[in-house]
Amino acid sequence: MPKYLTSLVAAGVAAALLSACQPQTTEAVQTKAPEAQVKASEAAQPGVDYHSLSNPDQVKISHLALDLTVDFDQHIIKGAVTLDFNKIKADADTLVLDTRALTIEKVEADGMPVAFEMGKTDEHLGTPLNISLPEKGNQVTVYYHTSPEASGVQWLTPEQTAGKQHPFLFTQAQAIHARSFIPLQDSPSVRVTYTATIHTPKDLLAVMSASNDPQTERDGVYEFNMPQAIPTYLIALAVGDLEFKAMGKRTGVYAEPSLLDASAKEFEDTEKMLEATEKQFGPYRWDRYDLLILPPSFPFGGMENPRLSFITPTVIAGDKSLVSLIAHELAHSWSGNTVTNATWRDLWLNEGFTTYLTYRIMEIVYGEDRFNMEAVLGYKDLQDDVDALEEADERLAIDLQGRDPDDVFSDIPYEKGALMLREIEQTVGRAAFDKFLMNYFDHFTFQSITTEQFLTYLEGTLLKDHAELSEARIKQWIYQPGIPDGAPVPHSDAFVKVDNAREQWLAGDISAADIDTSNWTYHQWKHFLNKMPEKLSVEQLAELDAAMGLTKQGNNEILHSWLLICVNNEYKPAYPTLHKYLVRIGRNKLVKPLYAALAKTEEGKAFGKAAFEEAKPGYHPLTVKANEGFFE
Ligand code: BES
Ligand code: ZN
């Protein structure tokens, strides 16, 4: 634990005795970050979680029992959490929890009041809640409610849902937002089991990252149990007018009624993906695997909440072209949920392994051609990030001290991590690498590990048995910026004709109408647009649009790429569609690049600001935060 915590805790205890039983509200952010947080000049230490103010090395929570009421009138979640804890240090006398904008009403143990106190608020991390440990027992109950502005909760009005009749709520805890709806030790190194009773309006259904009974009666009281110990960023809740449809024996989908059939059809291969992953990489350890389709304001593509991945509706394309997202969230059941990054510096252990597994699952279920195309598209994302980012942020093990992990989100942990694993696979051979992966998931099951623990494990396994694999090379991948020379470069035959068509058209040898796109897949369209030069003339864009109907494109990914080209070249005929797109979709990865491109010119800025202001009431807090800076 960073040293500052020790004194923070001591100070907290003294104050706690004075302020026991007084309701306490987290103040607006005003305090300076603790010393250890701002000293970013010192290299980050492996295994130190710079993003939690809690004290799991002194006292560690192990189980949560939640009893919460979802209040759609006040936009608050209110209730109590009973935390089981264990003393790690015999003389520990304080349990420190993370909170962010929570109002703590009282703390009790065994029905008796317990002294508590709120510590100093940190801009990125929230406010520590210092609780004096009770004399007896290993449980405390915290009574609290959330703020309507909770960073990890989005409240949607009926108009923002597909059905327009009922409100909707969902949480998004990764990376450090669980603390905005539950007081807990919010670190990926802290694993908890949980039970929950959730009270909602009678006509709505609650679902969680836990056991969900598809047959449950809709009565406004819902019980959940998560018997496997999960990191706290995987606790999730959603409430809305949801219905369930089975897709396979262990897989199904929850969605608003009007989206249910289309979702079940689009994602009908989920069961196949699950079976393929088990066969290749070892048992699925989570019982059921269901999907929850959220309203379009969901700020991510997907979130791997255990047993119930949260999914953006923007990937329902009608042709399964974007279902690698499902493979990705499913793969997290192995890399991420079973074996977890110990700190956010180690995120690549979650996302790099998952991206590698995603490619493998897609290859098994849809074949090598599709795999090759997706690998080329992923490589392009990686190259773009390597071109755009500071060198320090191109490392796999990334230094996040003093920074909000949300601000450092990029494709590096995903695609660079996956490419390193691909290189290892190609060096030792697929059979040996698959065996390694199977053993890795088994060895670290339900543990949170650091990059260095992965390295040590690699030393004792593949590095020991395969002289052709070099430790220096692996360290270069992990600790150095950029893509190492000689790294695998994906190739797709199916893209060759797309490249030819683009080049011939750019050279003026053919017109856009001459390009035979009748059999192009989503991937080919994406690649065609991806590799366009930055600058095109208005005439060229008008020609493309007339021949290919790009502005009318229904696939949200293709439309995104096209709109980005339009913004970069100020192609105005597409702007009404661009405006609608920005207001309709809240997925940050789809809107942020468009806002960023718009903000480069004064005129674009005015246009972007108008769209942003209109969209803002419907955006998730995270999407607001990520984009508001463009228009200040
Ligand atoms: N776990 C991530 C989302 C995430 C990462 C949230 C870090 C907060 C902090 C999820 O699995 C993810 O990677 N989603 C991607 C999916 C894509 C790569 C297929 C997304 O949302 O775009
Ligand atoms: Zn992921």
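Ala175 lies in the loop between β11 (168-171) and β12 (191-199). In this predicted model, a cis peptide bond with omega of about 0° joins Gln174 to Ala175. Most peptide bonds are trans, and most residues other than glycine have a negative phi.

Two further loop residues depart from the second of these tendencies. His75, in the loop between β2 (59-71) and β3 (76-87), has a positive phi of about 60° although it is not a glycine. Ala101, likewise not a glycine, has a positive phi of about 55° and is found in the loop between β4 (94-99) and β5 (103-109). His75 counts as partly exposed because its relative accessibility of 29% falls between the 20% and 50% limits. Ala101 is also partly exposed, with a relative accessible area of 29%.

Strand β11 leads on to a sheet. Four strands form this open sheet in the order β10-β11-β15-β13, with antiparallel pairing. Its edges are taken by β10 (153-156) and β13 (205-208); each has a single partner strand, so one side of each is left without a neighbour in the sheet. On average, neighbouring strands of the sheet are turned by 10° against each other, direction ignored. The edge strand β13 is joined to β15 (residues 237-240) by four bridges, and the two run antiparallel. Within this pairing, Met208 has Leu237 of β15 as its bridge partner.

The domain assignment divides the protein into domain 1 (5-239), domain 2 (243-339), domain 3 (342-479) and domain 4 (495-631). The C-alpha centres of domain 3 and domain 4 are 30 Å apart. Nine residues from domain 3 and ten residues from domain 4 take part in the contact. About 850 Å² is buried between domain 3 and domain 4, and carbon and sulfur atoms give 66% of that area. Met373, Leu377 and Lys380 supply 60% of the area that domain 3 buries against domain 4, more than any other three residues.

The path ends at the zinc ion (ligand 2), whose protein donors are His328 (NE2), His332 (NE2) and Glu351 (OE), at 2.0 to 2.1 Å from the ion. Along the chain, the donors follow the spacing H-x3-H-x18-E. His332 and Glu351 link distant parts of the chain: His332 lies in the loop between α5 (324-331) and β21 (339-341), and Glu351, 19 residues apart from His332, in helix α6 (residues 347-366). His332 is buried, with a relative accessible area of 0%. Glu351 counts as buried too, at 3% relative accessibility, because buried means under 20%.

Key. Residues numbered from 1 in each chain as written. Chains lettered and ligands numbered in written order. Predicted model: local features only at pLDDT ≥ 70, side-chain atom pairs only at ≥ 80, totals over all residues. Heavy atoms only, no water. Pairing = 2+ DSSP bridges. Axes fitted to C-alpha atoms, helices over the stretch in contact; angles between N-to-C directions. Donors = N, O, S within 2.8 Å, 3.2 Å for Na, K, Ca; no water. Buried < 20%, exposed > 50% of the residue type's maximum accessible area, 1.4 Å probe, protein only. Domains from an automatic or database assignment. Contact = heavy atoms within 4.5 Å. Buried area = accessible area lost by both parts, 1.4 Å probe.
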